[in-house]
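These are my notes on the model, set out as numbered points. Please read them with the structure open.

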Amino acid sequence: MAAERTLVLVKPDGVRHRQIGEVLRRIETKGYDVVALQMLVPTPELLEKHYEEHVGKSFYGVLVEFMMSGPVVAAVVEGEQVIPAFRSLAGATDPIKAAPGSIRGDLARDWGTKVQQNVVHGSDSPESAAREIALWFPSL
Ligand code: RTP
Ligand code: MG
């Protein structure tokens, strides 16, 4: 099967807790390639496009505020079935429910009422991946 690409974000909580290397290590150990990488504080405009499916939901404001609370590391990761594989590495959205062994299950620190502080983002479909990679890496 052909290689595919996904967009991974290490969210501000992961950067703050010095987990960039640990997240990238898990990706590389699994056999995937990091093919593009950058660190930035996202703008509201970028986040509105990135999270277009969530605009208007009750948690949207809290999510955007959190995502702008510090730098984010954005990576394009490549390999066979990397979109579902990274979702599996990341674990469930809610860090409380994320299994031990997963990135969120092992690394999330600011859990409790803060579901949004779940260390990483990963694209959820080939369509989302293409859209998100074009947003975060327009030169690719
Ligand atoms: P992601 O997009 O970050 O990979 O996470 P996901 O697919 O597992 O979750 P999704 O439903 O797309 O939600 C996007 C992010 O919004 C935050 N969130 N907060 N009820 C809440 O307060 C709530 N629900 C979701 C999380 O940061 C989630 O990752
Ligand atoms: Mg999502």
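1. F59 sits in the loop that joins α3 to α4. In this predicted model, F59 counts as exposed because it has 11 C-beta neighbours inside 10 Å, and the limit for an exposed residue is 12 or fewer. F59 is also one of the residues around ligand 1, and the "binding site" annotation in the unreviewed UniProt entry includes it.

2. Two other residues of the α3 to α4 loop deserve a look. V55 lies in this loop, between α3 (44-50) and α4 (60-67), and is exposed because 11 other C-beta atoms lie within 10 Å. Leaving out residues up to four places away in sequence, V55 touches E48 and Y60. The C-alpha atoms of V55 and I96 are 24 Å apart, with the two positions 41 residues apart along the chain. E52 belongs to the loop between α3 and α4 too. With 12 other C-beta atoms within 10 Å, E52 is exposed, so it falls right on the cut-off of 12 or fewer. From E52 to Q19, 33 residues apart along the chain, the C-alpha separation is 27 Å.

3. Which residues surround ligand 1? The shell consists of F59, L63, T93, V115, Q116, N118, H121, G122 and D124. Sorted by class, it has five polar, three nonpolar and one charged residues. The UniProt "binding site" feature, from an unreviewed entry, covers K11, F59, R87, T93, R104 and N118. Of these annotated positions, F59, T93 and N118 appear in both lists. The annotation may be inferred rather than shown by experiment.

4. R87, another position under the "binding site" annotation, is part of helix α5. Its 18 C-beta neighbours inside 10 Å make R87 partly exposed, because a buried residue needs 20 or more. Apart from neighbours within four places in sequence, R87 is in contact with G122 and D124. Both G122 and D124 are among the residues around ligand 1.

5. H121 carries the "active site" feature in the unreviewed UniProt entry. Is H121 buried or exposed? H121 is buried, because 21 other C-beta atoms lie within 10 Å and the threshold is 20 or more. H121 is located in strand β4, residues 120-122. Not counting residues up to four places away in sequence, H121 touches V8, L9 and K11. Of these contacts, K11 is a position of the "binding site" annotation, while V8 and L9 are among the residues with the most contacts inside the largest nonpolar core.

6. The largest nonpolar core has 28 residues, and V8, L9, V77 and V120 have the most contacts inside it. Two or more residues come from each of β1 (3-10), α2 (20-29), β3 (72-80), α5 (82-90), α6 (103-107) and α7 (126-136). The largest share, six residues, is that of β3. In soluble globular proteins, nonpolar side chains tend to be buried together. Leaving aside residues up to four places away in sequence, V77 touches R5, T6, V8, I27, Y32, D33, V34, V82 and F86.

7. Two residues should be checked for backbone geometry. Most residues other than glycine have a negative phi. R18 is not a glycine, yet its phi is positive, at about 60°. R18 is found in the loop between α1 (12-16) and α2 and is exposed, with 8 other C-beta atoms within 10 Å. Q81 likewise has a positive phi, near 55°. Q81 lies in the loop between β3 and α5 and is partly exposed, with 14 other C-beta atoms within 10 Å.

8. On confidence, the chain has an average pLDDT of 96, and 97% of the residues score at least 70. Confidence is highest in β3, at 99, and lowest in α4, at a mean of 96. For the complex, the predictor gives an ipTM of 0.92 and a pTM of 0.96.

Note on methods
Residues are numbered from 1 along each chain as its sequence is written. Chains are lettered from A and ligands numbered from 1 in the order in which they are written. This is a predicted model: local features need pLDDT of at least 70, side-chain atom pairs count only at pLDDT 80 or more; totals for chains, interfaces and linings use all residues. A nonpolar core is a set of buried Ala, Val, Leu, Ile, Met, Phe, Trp, Tyr and Cys residues joined through C-beta atoms within 7 Å. Helices (H or I, at least four residues) and strands (E, at least two) are DSSP runs, numbered from the N terminus. Two residues are in contact if their C-beta atoms, placed from the backbone, lie within 7 Å. A residue is near a molecule or strand if its C-beta atom, placed from the backbone, lies within 6 Å of it. Ala, Val, Leu, Ile, Met, Phe, Trp, Tyr, Cys and Pro count as nonpolar, Asp, Glu, Lys and Arg as charged, and the others, Gly among them, as polar. pLDDT is the predictor's confidence in each residue, from 0 to 100.
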